[in-house]
Amino acid sequence: MQLAKEIDASDYVIAPDPGAERLTRAVDGVDQNGAVSRISVVEERPLTIFLNAQEIVTAMTIGDYPEYLALGFLRNQGMLLADDEITRVDYDDDLETVVVRTARETSYEDKLKKKTRTSGCAVGTVFGDMMEGLEGVRLPQVQVRTSWLYDLAAKINRTPSLYLEAGAIHGTVLCHENRPLVYMEDVGRHNAVDKIAGWMLSEGAAADDKILYTTGRLTSEMVIKTAMMGIPVLASRSGFTAWGVEIAREVGLTLIGRMRGQRFVCLSGEDRLLRDADPATIAVEDKKHRRKSSRV
């Protein structure tokens, strides 16, 4: 048995929009046989994020949901506090800037001097004292049904997306049990997860009953951001880094990777898995949706 049918994106709160203007561009090239080939490629554009009067960072992004990206980035870096009153978020398309304004006066000169370049695509950055924010973090120990994991993988991989349209992009999906809710894509997986963090902050969405699914590697940065968001489960089609696994175990994050078809590996929180689905009954992925390369 195979799954080949695309799902209805209206099931999502926010779904990818592969046909949206400015996210991709048609480019002519030459293939291995010397024939002209026209393909869609993902756009990249800079977005400069300000917190009040201070310039914080310039990120390379596909350009959708800039307000969510700014809010999520600042929250995940510990620059927006849990009790901060956000008075305005202003986006200027021409200047490619987002300004997040708070009632609290802010200054992060010292913090900006201490930063660590991470392994994330598109030059992910974690400021030097971000690890300190994990001190005392212990995530809720929620049970995860394996049937949810299989359902999520099947639904997400069949969702029309920029990846299936053009490739060269990462996806991150906020889920509740076996339902994917918010699906964000970007050139860097850190940008995609920051957009979700920004949406959660804007909507006041609870984190303790959610699952975060990513198409990218389970690195220390992804684990830290998931933990900072308070989400207790992180799952991926891809593999792990040793530091990512170590941090996940320290904070009690259930960490599941290499989710492909009937298979997955859990390297943290295995005692919280409820194996209620027989892998032998799970449908094999259709080749079109295996996310190993873009469609041309």
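This is a short talk on a predicted model of one protein chain, taking the overall figures first and then a few helices and residues.

Start with the whole chain. It has seven helices and 18 strands. Of its 296 residues, 51% are buried. If you take the contacts between residues at least 6 apart in sequence, 57% of them join residues at least 24 apart. The chain exposes about 14000 Å², and carbon and sulfur atoms supply 47% of that area.

Now to the helices, and to α5 in particular, residues 189-203. I will take its contact with α1 and then its contact with α6.

Helix α1 covers residues 66-76, and its axis comes within 6 Å of the axis of α5. The two axes cross at roughly 95°, so α1 and α5 count as roughly perpendicular to each other. On the α1 side the contact is made by Tyr68, Leu69, Leu71, Gly72, Phe73, Arg75 and Asn76. On the α5 side the residues include Val193, Asp194, Ala197, Trp199 and Leu201. Sorted by class, this contact has eight nonpolar, five polar and four charged residues.

The other partner is α6. Here the axes come within 11 Å and cross at roughly 5°. An angle under 35 degrees counts as roughly parallel, and α5 and α6 are therefore roughly parallel to each other. From α5, the residues that meet α6 are Arg189, His190, Val193, Asp194, Ile196, Ala197 and Met200. From α6 they are Glu221, Met222, Lys225 and Met229. By class, the contact of α5 with α6 divides into six nonpolar, one polar and four charged residues.

Several of the α6 residues just named are three or four places along from one another, and there is a general point behind that. An α-helix has 3.6 residues a turn, so residues three or four places apart point the same way.

How much of α6 is covered? Nine of the ten residues in this helix, which runs from 220 to 229, are buried. The buried set is Ser220, Glu221, Met222, Val223, Ile224, Lys225, Thr226, Ala227 and Met229. Note that Glu221 and Lys225 are in that set, and that both also belong to the contact with α5. After α6 comes Gly230, with a positive phi near 85°.

Back to α1, and to one residue in it, Tyr68. Is Tyr68 buried or exposed? It counts as buried, because its relative accessibility is 18% and the limit for buried is under 20%. Leaving out residues up to four places away in sequence, Tyr68 touches Ile14, Met184, Asp194, Lys195, Gly198, Trp199, Ser202 and Glu203. The C-alpha atoms of Tyr68 and Met200 are 8.8 Å apart, with their positions 132 residues apart in sequence.

Tyr68 also has an aromatic partner. The whole structure contains three aromatic pairs. One of them joins Tyr65 and Tyr68, with 5.8 Å from centre to centre and 15° between the planes, and it is stacked. Tyr65 is partly exposed, at a relative accessible area of 30%.

Next, backbone angles. Two arginines have a positive phi although neither is a glycine: Arg22, at about 80°, and Arg258, at about 55°. Where do they sit? Arg22 is in the loop between β1 and β2, and Arg258 is in strand β15, residues 254-260. Arg22 is partly exposed at 41% relative accessibility. Arg258, at 51%, counts as exposed, since the cut-off for exposed is over 50%.

Arg258 turns up again in the surroundings of Ser238. Ser238 lies in the loop between β14 and α7. Neighbours within four places aside, it is in contact with Thr215, Gly216, Arg217, Gly257 and Arg258. Ser238 is buried, with a relative accessible area of 19%, whereas its contact partner Arg258 is exposed.

One last residue, Lys155. It is in helix α3, residues 146-157, and is partly exposed at 26% relative accessibility. Its C-alpha atom is separated by 9.6 Å from that of Ala9, which is 146 residues away along the chain.

To close, the two helix contacts again: α5 is roughly perpendicular to α1 and roughly parallel to α6.

Notes:
Residues are numbered from 1 along each chain as its sequence is written. This is a predicted model: local features need pLDDT of at least 70, side-chain atom pairs count only at pLDDT 80 or more; totals for chains, interfaces and linings use all residues. Side-chain values use heavy atoms; hydrogens and water are left out. Helices (H or I, at least four residues) and strands (E, at least two) are DSSP runs, numbered from the N terminus. Buried means under 20% relative accessible area, exposed over 50%, partly exposed in between (1.4 Å probe, protein chains only). Rings of Phe, Tyr and Trp (its six-membered ring) pair if their centres lie within 6.5 Å; planes under 30 degrees apart count as stacked, over 60 as edge-to-face and the rest as tilted. Contact means heavy atoms within 4.5 Å. Accessible areas come from the Shrake-Rupley method with a 1.4 Å probe; for residues, only the protein chains shown count as cover. Axes are lines fitted to C-alpha atoms, for helices over the stretch in contact, and angles run from 0 to 180 degrees between N-to-C directions. Angles under 35 degrees count as roughly parallel, over 145 as roughly antiparallel, 65 to 115 as roughly perpendicular and the rest as oblique. Ala, Val, Leu, Ile, Met, Phe, Trp, Tyr, Cys and Pro count as nonpolar, Asp, Glu, Lys and Arg as charged, and the others, Gly among them, as polar.
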